[in-house]
Amino acid sequence: MDLCIRPIGEVDEDVLTFLRDKLKCVFGCCKILIPMEVPMDAFNPERNQFNSTAILLRIKPLCEIVLGVTEVDLYADRLNFVFGEAEVGGNRAIISLKRLRPEFYGDKPNDALLKLRALKEAMHEIGHVLGLLHCNDPKCVMHFSNSIIDTDIKDWRYCARCRTVLERKGIKINI
Ligand SMILES: [Zn+2]
Ligand SMILES: [Zn+2]
């Protein structure tokens, strides 16, 4: 699978290489592209957040699947914030590390936890790009995360049912 990571703005290199290595194991291929600038027209000064969809649409579909990774805080229509967004069955997805950092919640920084959370959000949004919808199993990575607690409860992998859906589409993954 032709999968790439597109950093949007300045992004923690350590997290990017971690994601690349893990996603490469799962999907067989993953490269990090040169960063793009954060599109400032996606910024909403009243909310002090960026419109997730506006950034998503600015990501060039340079690969079969492009995962945008950013540090800026994202929101979507009718939602206070989003961890990420994807084009279901399309090419592009985006995740934000902002609300995955333990320090956002007043906890001590924890690199291992941040990376695991980033991997879960990446797998979730890539799952959407591959055509998966939300899953009822709270342990499945395709379960919808309303809060960071939901993210921490779920595994970073797809459940057996979601894996079967991917297999039926002819998508081979290695987990
Ligand atoms: Zn989702
Ligand atoms: Zn599932």
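**Figure 1. Helix H3 lies across strands S5, S8 and S9.** H3 runs at about 160° to S9. This is a predicted model. H3 spans residues 111–129, and S9 spans residues 92–96. An angle over 145° counts as roughly antiparallel, so H3 is roughly antiparallel to S9.

**Figure 2. Helix H1 lies across strands S1, S2 and S5.** H1 covers residues 13–27. The angle between H1 and S1 is about 165°. With the limit for roughly antiparallel at over 145°, H1 is therefore roughly antiparallel to S1. S5 is crossed by H1 and also by H3.

**Figure 3. Helices H1 and H3 meet at an oblique angle.** The two axes come within 10 Å and cross at roughly 50°. That angle makes H1 oblique to H3. On the H1 side, the contact is made by Asp14, Val15, Phe18, Leu19, Lys22 and Leu23. H3 contributes Asp111, Leu114, Lys115, Ala118, Leu119 and Ala122. The crossing of H1 past H3 is right-handed.

**Figure 4. Five strands form an open sheet in the order S2-S1-S5-S9-S8.** The pairing is mixed. S2 (31–32) and S8 (84–86) are the edge strands, each paired on one side only. Strands of a sheet pair through backbone hydrogen bonds, either parallel or antiparallel. In the order of this sheet, S5 stands between S1 and S9. S1 (residues 3–8) and S5 run parallel, joined by six bridges. S5 and S9 are also parallel, with five bridges between them.

**Figure 5. Strand S5 is buried along its length.** S5 comprises residues 65–70. Six of its six residues are buried, so the strand is largely enclosed by the rest of the structure. Ile65, Leu67 and Val69 point one way. Val66, Gly68 and Thr70 point the other way. Residues of both sets are buried. Which residue of S5 is the bridge partner of Cys4? It is Val66. Toward S9, Val69 stands opposite Ile95, and Thr70 stands opposite Ser96.

**Figure 6. A four-stranded open sheet has the order S3-S4-S6-S7.** Its pairing is mixed. S3 (43–44) and S7 (79–82) are the edge strands. Each of them pairs on one side only. S4 (residues 49–51) and S6 (residues 74–76) pair in the parallel sense over two bridges. Phe50 has Leu74 of S6 as its bridge partner.

**Figure 7. The whole chain puts the close-ups in context.** The chain has five helices and nine strands. Their sequence from the N terminus is β-α-β-β-β-α-β-β-β-β-β-α-α-α. The C-alpha atoms fill a box of roughly 45 × 35 × 30 Å along the principal axes. A compact globule of 175 residues would have a radius of gyration near 16 Å; the chain has 15 Å, which agrees. Of the 175 residues, 37% count as buried. Among contacts with a separation of 6 or more, 61% link residues 24 or more positions apart.

Methods: Residues are numbered from 1 along each chain as its sequence is written. Chains are lettered from A and ligands numbered from 1 in the order in which they are written. This is a predicted model: local features need pLDDT of at least 70, side-chain atom pairs count only at pLDDT 80 or more; totals for chains, interfaces and linings use all residues. A residue is buried if 20 or more other C-beta atoms lie within 10 Å of its own, exposed if 12 or fewer, and partly exposed in between; C-beta atoms are placed from the backbone. Two strands pair if DSSP finds at least two bridges between them. The radius of gyration is taken over C-alpha atoms; the globule rule is 2.2 Å times the number of residues to the power 0.38. Two residues are in contact if their C-beta atoms, placed from the backbone, lie within 7 Å. Axes are lines fitted to C-alpha atoms, for helices over the stretch in contact, and angles run from 0 to 180 degrees between N-to-C directions. Angles under 35 degrees count as roughly parallel, over 145 as roughly antiparallel, 65 to 115 as roughly perpendicular and the rest as oblique. A crossing is left-handed if the near helix is turned anticlockwise from the far one by less than a right angle, and right-handed if clockwise.
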